Every structure is written in structure tokens, then in C-alpha cells.
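Here's a walk through one protein chain and the ligand that sits with it. Have the viewer open and follow along.

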Amino acid sequence: MTRVVSVGTIRPSDLAAGKIMKRGTSPREISGASKGAATFDCVIVGDVMMDVILRCESEIVDSLIMDGTNYFSESKITPGGSGNVAVAIAKLGGRVAFVGKAGNDPYGRAYSDDLTSARVATRITVDPRMSTGLAVCLVEPSGSRTMLVSRGANDYLTKNEVTNALKKMGRPRFIYLPGYSLNASPQREAILHAARLGHEQQSRVVFDPGASNLVREHPDVFQEAVDRSDILCANLDEARVLAGKVEVNRYAARLSRRGKLVVVKTGVEGCLLASDGEITRIPGVRTRAVDTTGAGDAFLGAFLYSMSRDVGPVTSARFANWFASRTTEKLGPRNYPGRNEARHNLLSLQRKTMPS
Ligand SMILES: Nc1ncnc2c1ncn2[C@@H]1O[C@H](COP(=O)(O)OP(=O)(O)OP(=O)(O)O)[C@@H](O)[C@H]1O
Ligand SMILES: [Mg+2]
């Protein structure tokens with residue numbers, strides 16, 4: 001289970017970070033990798049977020065936060081956010097671009113450099129007044145996670161910035177939009193606008209709600225995002241909130257009859273797919289899970305990579321279950337299997353599902 005606690009926006013003054021922020025400079029971009037009229041398998045418009053992952057006992061989370069010093073047995077600082085999906089696709093060999101917003105600080109630059117070195121085309125606008133998004137993830141022995149989030153510059157991504165970025169990217173097969181990015185305006189409008197632009201250019205719009213508490217807090221906004229998506233990829237908690245009084249399978253089947261492809265991720269159990277009113281259960285891959293941070297992103301990255309290679313949704317979901325299970329074996333997101341191993345796995349799954 002994931003709980004997201006917003007700790008508001010850290011401004012430079014809060015951090016006494018004046019030295020690393022150039023005040024008064026106009027917004028600019030950190031761009032990397034390919035530019036121009038390239039077409040992509042997937043364009044992601046989402047959050048630039050550095051993760052600080054702390055492994056801890058449940059008591060610390062229960063009494064969030066104890067007075068005095070709290071000790072954590074293990075820690076990791078890593079780029080996270082929506083870039084997780086981009087890196088998964090790129091590592092598999094897909095063509096992928098990322099659009100987002102960062103602060104003018106070392107975290108924003110590190111985030112962009114990391115994407116660029118993974119061969120993700122980046123269009124990250126810099127807001128000199130804000131800091132880069134930061135998520136502190138408390139991981140309990142059960143694998144349950146609590147996230148303390150400062151969204152920083154992310155919330156300030158604008159419609160114009162997204163329009164300009166997407167115009168330069170040709171027509172991707174998929175545009176992925178995460179629910180986390182619907183938190184506040186103007187980013188919320190920018191994301192919903194990206195869905196509109198995606199439809200105009202006949203890309204398939206993919207939406208992942210991200211966290212059930214956000215769906216509960218902003219029901220109308222999330223409903224609009226679901227309505228505008230062609231593929232809904234939700235976890236079970238999120239699907240339950242979206243479904244309301246309706247049972248999840250029935251809800252998924254109903255959406256799929258309206259032409260959507262619905263994926264409901266069910267953790268260690270795997271996932272279920274709803275297509276043309278039919279539900280298929282796809283079992284998960286058992287592994288020694290240490291931390292499920294980013295499992296949903298790994299799943300989606302592998303699923304979209306596979307779908308963009310014209311592999312059908314059932315085999316793509318099997319592949320995504322395997323790929324995501326592997327990322328749970330170590331602390332932090334992005335512990336992805338190597339490209340050769342992954343492609344070999346996808347190929348053998350395709351062979352298994354070929355009619356004899
Ligand atoms: N403990 C686990 N063992 C094996 N596979 C797992 C485990 N947890 C998750 N997965 C895989 O990862 C996928 C996504 O996980 P989950 O259902 O938790 O989605 P999520 O809640 O969106 O993830 P996240 O917490 O990263 O947002 C699952 O469908 C499954 O394939
Ligand atoms: Mg998720």
C-alpha cells in the first residue's frame with residue numbers, strides 16, 4: 001500500500017538555497033538527446049522527482065515522525081518520478097521522450113543528466129524560483145511505503161510549455177500521463193491538455209492514477225483524465241476508488257466496452273486486463289521482493305515498450321509482470337533487468353502464445 005503525504009512546496013527561502021538558485025533569470029530548458037521531428041514510441045509528460053528512500057521499522061511510520069532523531073537502516077538517493085517509466089522504455093531499446101519541470105538546482109540537473117545518459121530525449125523546463133520535486137519514501141519491512149512529497153517546480157508546468165514540447169516531438173504511439181501530475185494548477189491543465197493534443201495527433205493516451213488518496217481527493221479531475229485516456233493502468237486501490245460502488249471487474253469490463261484497454265495491477269498477484277468487455281487474469285511472477293517502489297512504473301514501461309512493438313496486450317502484460325517483479329528485488333526503483341535478458345524473455349513469451 002502506498003500513502004502519499006504532501007509536505008507542501010519548498011521554496012528557495014525555506015532551504016536557504018539562494019546560492020544555487022539564480023533569481024530573476026527567465027525560465028529555460030535543460031534539453032538533451034534527440035530534438036526535432038523525431039517520432040517516439042512514447043512521450044511522457046510528468047513529474048521530475050528525486051527519491052530519498054529510507055528503509056525503516058513500522059513504528060517510525062506509525063508515529064510519523066518521532067521527536068528527536070529517527071534512525072533508518074538503509075538509504076538510497078535516486079532519480080524517481082515519471083522518469084522511471086521513460087528509463088524502463090529506453091533501457092529496453094524503445095524511443096522515448098520526457099517533458100517536465102525542475103528547479104534550478106543540482107537535483108534538477110542530475111535528473112536531466114540521468115535521463116539523457118539513458119538515451120531519453122528530455123525537455124525539462126527550469127523554474128528558477130522553485131526547487132526540484134523531492135519524495136522521501138519510507139519503506140517498512142512489509143514493503144509498505146509512505147511517501148512525503150514536496151512537489152516543487154512540478155506543479156508549475158504550463159500548457160504552453162507542454163504544447164511547445166509536444167509540437168517538436170512528432171506523433172508518438174503513446175503519450176503517458178501520470179495522476180501524480182494532476183495535483184495542482186497549472187500542471188493539472190497542462191496534463192489534461194496533453195491528453196487532448198494526444199488525441200488530435202492520434203497517439204494513444206495512457207493514464208495511471210498513481211495513488212488512491214489522490215483519486216479520492218480530486219474525483220472530478222481524475223474522472224476527466226480517465227475519460228480522456230485510451231489505456232487506463234491503475235492499481236487495485238485506485239481502481240476500487242474509481243469504480244465506487246461497482247465491483248472492479250465489472251467497472252473495468254464496462255470501460256473496455258467503450259473502447260478502452262484497462263489494466264488493473266494487483267501487486268504480487270500480477271494484473272488483470274479488460275479488453276472488449278472480457279477480463280483476463282495474468283498471474284504475477286514470484287520473487288523475493290525487498291522494495292516495491294517503482295514497480296508500477298516498471299510495469300508500465302515494459303508494457304508500453306512491448307505494445308509499441310505490436311505485441312498484444314496479454315503477452316505485453318505477462319512481460320510487464322516479469323519485468324516489474326525484477327525491480328522489486330532491490331531497494332529503490334529502476335533496478336531493471338538488462339536489455340538482452342528482457343528481450344529474450346519477451347521473445348519466449350511471444351513464442352509460447354503463438355498458435356501451433
Ligand atoms: N511483491 C511483488 N512480487 C512480484 N511482483 C510484484 C510485486 N509487487 C508488485 N509486483 C509487480 O509490479 C506490478 C505493479 O505493482 P502494483 O500492483 O503494486 O502497482 P502500483 O501500486 O502502481 O505500484 P507502485 O507502488 O510502484 O505505484 C504488479 O502488477 C506486478 O507485476
Ligand atoms: Mg502506481
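What follows goes from the whole chain to its helix contacts, then to the ligand shell and a few single residues.

## The chain as a whole

Keep in mind that this is a predicted model. The protein chain has 13 helices and 15 strands. It runs to 356 residues, and 51% of them count as buried.

Contacts across the sequence are a big part of the picture. Take the contacts in the protein chain with a separation of 6 or more: 76% of them are between residues 24 or more positions apart.

## H3 against H11

Start with helix H3, residues 83-92, and helix H11, residues 295-308: their axes are 8 Å apart and the packing angle is about 45°. That makes the two helices oblique to each other. As for handedness, H3 passes H11 in a right-handed crossing.

Which residues meet here? On the H3 side they are Asn84, Val85, Ala88, Ile89 and Leu92, and on the H11 side Asp297, Ala298, Leu300, Gly301, Ala302, Leu304 and Tyr305. Sorted by class, the contact of H3 with H11 comes out as nine nonpolar, two polar and one charged.

## H11 against H12

H11 also packs on helix H12, which spans 313-327. The axes of H11 and H12 cross at roughly 145° and come within 8 Å. This crossing is right-handed. H11 brings Ala295, Ala298, Phe299, Ala302, Phe303, Ser306 and Met307 to the contact, while H12 brings Pro313, Thr315, Ser316, Ala317, Phe319, Ala320, Phe323, Ala324 and Thr327. There are no charged residues in the contact of H11 with H12, just 12 nonpolar and four polar ones.

A couple of H11 residues are worth highlighting in the viewer. Ala298 and Ala302 are among the residues that meet H3, and they also turn up in the contact with H12.

## H12 against H13

Next along is helix H13, residues 339-353, whose axis crosses that of H12 at roughly 145°, with the two coming within 10 Å. H12 passes H13 in a right-handed crossing.

From H12, the residues involved are Val314, Thr315, Arg318, Phe319, Trp322 and Phe323; from H13, they are Ala342, Asn345, Leu346, Leu349, Gln350 and Thr353. The class count for the contact of H12 with H13 is seven nonpolar, four polar and one charged. Thr315, Phe319 and Phe323 show up here, and they are also among the H12 residues that contact H11.

## Around ligand 1

How many residues surround ligand 1? There are 22 of them, and the closest are Asn235, Lys265, Ala289, Gly296 and Ala324. By class, the shell around ligand 1 splits into 13 polar, seven nonpolar and two charged residues.

Strand S14 (270-275), H11 and H12 each put at least two residues into that shell. H11 gives the most, with four. Ala324 ties two parts of this tour together: it is one of the residues closest to ligand 1, and it is part of the H12 side of the contact with H11.

## Glycine 133

Glycine 133 is in strand S8, residues 133-139. Is it buried or exposed? It counts as buried, because 29 C-beta neighbours lie inside 10 Å.

Look beyond its neighbours within four places in sequence and glycine 133 is in contact with Asp47, Val48, Met49, Gly81, Ser150, Arg151, Gly152, Ala153 and Asn154. The last of these, asparagine 154, is 21 residues from glycine 133 along the chain, with 6.4 Å between the C-alpha atoms.

## Backbone oddities

Serine 185 and proline 186 are joined by a cis peptide bond, with omega at about 5°. Proline 186 is placed in the loop between strand S10 (174-178) and helix H6 (187-200).

Two arginines have a positive phi. Arginine 119 has phi near 70° and is found in the loop between helix H4 (106-117) and strand S7 (121-127). With 18 other C-beta atoms within 10 Å, arginine 119 is partly exposed. Arginine 334 has phi near 65° and lies in the loop between H12 and H13. Arginine 334 is buried, since 22 other C-beta atoms lie within 10 Å.

Key
Residues are numbered from 1 along each chain as its sequence is written. Chains are lettered from A and ligands numbered from 1 in the order in which they are written. This is a predicted model: local features need pLDDT of at least 70, side-chain atom pairs count only at pLDDT 80 or more; totals for chains, interfaces and linings use all residues. Axes are lines fitted to C-alpha atoms, for helices over the stretch in contact, and angles run from 0 to 180 degrees between N-to-C directions. Angles under 35 degrees count as roughly parallel, over 145 as roughly antiparallel, 65 to 115 as roughly perpendicular and the rest as oblique. A crossing is left-handed if the near helix is turned anticlockwise from the far one by less than a right angle, and right-handed if clockwise. Two residues are in contact if their C-beta atoms, placed from the backbone, lie within 7 Å. Ala, Val, Leu, Ile, Met, Phe, Trp, Tyr, Cys and Pro count as nonpolar, Asp, Glu, Lys and Arg as charged, and the others, Gly among them, as polar. A residue is buried if 20 or more other C-beta atoms lie within 10 Å of its own, exposed if 12 or fewer, and partly exposed in between; C-beta atoms are placed from the backbone. A residue is near a molecule or strand if its C-beta atom, placed from the backbone, lies within 6 Å of it.
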